[in-house]
Amino acid sequence: MRSFYSVFFLSLFCFAVSCFSPPSDKAMLSDTYLNKQLKDYKSVLLVFTGTAVDRTILENLGLELTKKLKKKNIVVTTEYFSDENSKTTNHLLRVINKKQADAVMVFTPLNGAKVKEYYGGIQGLETRQAKTSQRYDVRLYDEDEKPVWGARLNIHITIDSKRPYSKIADKILLHMYENAILKK
């Protein structure tokens, strides 16, 4: 009988811990425009748009993408716009036409970022995690107004942690290899 109570309370404890623990970090990337022609870019401009929460997420992602693209001898610059509109598009096309960048990769939020805070731990060891769920439209342009490559990025991550951004950057680069945008 004693073991029954022990098992019951242990399972109740495990259930309570699992209910209050935040969901794990996830990122999914699916192609929306496929590229068939081999590209060889020497410079890329990363453009981020959205709210302050989006800016935090995308700047961290931009740092990781910059590190990984520099290893491939690609010069990377970044710009941030608070929203995407016709001025942004016109500015990007002028940058390309002036040969300041071979390509422009634009990250546009598809919904408002939702931030949830999770509290957990035991007395004296409390923790707080800020998690967000967001969807982004990712498009790569070169000399034309039509995207060369596009993808949909769905993320659910801890904002403060640097680890998920490296994994997301790896996924983006993998899709760029698969679509002949980067050489192996």
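Let's start with K39, which is buried at a relative accessible area of 16%. Before I go on, please keep in mind that this is a predicted model.

So who is the partner of K39? The side chain of K39 meets the side chain of D142 in a salt bridge, with 3.2 Å from N to O. The two come from distant parts of the chain, 103 residues apart: K39 is in the loop between β1 and β2, and D142 is in the loop between β6 and β7. Is D142 buried or exposed? D142 is buried too, with a relative accessible area of 12%; the cut-off for buried is under 20%. D142 also has a second polar partner, since its side chain makes a polar contact of 3.1 Å with the side chain of Y41.

Let me step back to the overall layout for a moment. The protein has four helices and seven strands. Reading from the N terminus, the order is α-β-β-α-β-α-β-β-β-β-α. The chain has 184 residues, and 40% of them count as buried. If you take contacts between residues at least 6 apart in sequence, 73% of those join residues at least 24 apart. For the surface people among us, the protein exposes about 11300 Å², and carbon and sulfur atoms supply 56% of that area.

Now, on to the inside. The largest nonpolar core has 35 residues, and the ones that touch the most other members are L61, M105, F107, W149 and I172. Which elements give two or more residues to this core? They are β1, β2, α2, β4, β6, β7 and α4. The top contributor is α4, with seven residues. There is also a second, separate core of seven residues, and among its members are L45, A101, V104 and Y141.

W149 deserves a closer look. Setting aside neighbours within four places in sequence, W149 is in contact with residues including D31, Y33, M105, V138, I172, H175 and M176.

Staying with α4, we can do a quick check on its geometry. At 1.5 Å a residue, its 16 residues should span 22 Å, and the end C-alpha atoms are 23 Å apart, so the two agree. Buried residues in α4 include P164, Y165, I168, A169, I172 and L173. After α4 comes A180, whose phi is positive, near 60 degrees. As background, most residues other than glycine have a negative phi. A180 is not a glycine, and neither is N73, which also has a positive phi of about 60 degrees. N73 is in the loop between α2 and β3, and it counts as exposed at 65% relative accessibility.

Next stop, Y136 in strand β6. How accessible is Y136? It counts as buried, at 0% relative accessibility. Its side chain is joined to that of D54 by a polar contact of 2.8 Å. Y136 and F107 are 29 residues apart along the chain, yet their C-alpha atoms are separated by 6.2 Å. Leaving out neighbours within four places, the contacts of Y136 include I57, L58, T108, P109, A151 and I155.

A smaller case is S43, in strand β2. S43 is buried, with a relative accessible area of 14%. A polar atom of its side chain lies 3.0 Å from the backbone nitrogen of D102. Beyond its close sequence neighbours, S43 is in contact with I74, V75, Q100, A101, D102 and A103.

Finally, back to charges. How many salt bridges does the structure hold? There are seven, and you have already met the one between K39 and D142. Another pairs E59 with R55, where the closest N and O atoms are 2.7 Å apart. Those two residues are four apart in helix α2, so they are separated by about one helical turn. E59 is partly exposed at 37%, and R55 counts as partly exposed at 37% relative accessibility.

The side chains of R139 and D137 also form a salt bridge, at 2.6 Å from N to O. Here R139 is partly exposed at 24%, whereas D137 is buried at 8%. Through shared partners, salt bridges join D137, R139 and R152 into one network.

That's my tour; thanks for listening, everyone!

How values were computed. Residues are numbered from 1 along each chain as its sequence is written. This is a predicted model: local features need pLDDT of at least 70, side-chain atom pairs count only at pLDDT 80 or more; totals for chains, interfaces and linings use all residues. Side-chain values use heavy atoms; hydrogens and water are left out. A polar contact is a pair of N or O atoms within 3.5 Å; within protein, one must be able to donate a hydrogen and the other to accept it, and residues adjacent in sequence count only if both atoms are side-chain atoms. A nonpolar core is a set of buried Ala, Val, Leu, Ile, Met, Phe, Trp, Tyr and Cys residues joined through side-chain atoms within 4.5 Å. Buried means under 20% relative accessible area, exposed over 50%, partly exposed in between (1.4 Å probe, protein chains only). Contact means heavy atoms within 4.5 Å. Accessible areas come from the Shrake-Rupley method with a 1.4 Å probe; for residues, only the protein chains shown count as cover. The expected span of a helix is 1.5 Å times one less than its number of residues. A salt bridge is a side-chain nitrogen of Lys or Arg within 4 Å of a carboxyl oxygen of Asp or Glu.
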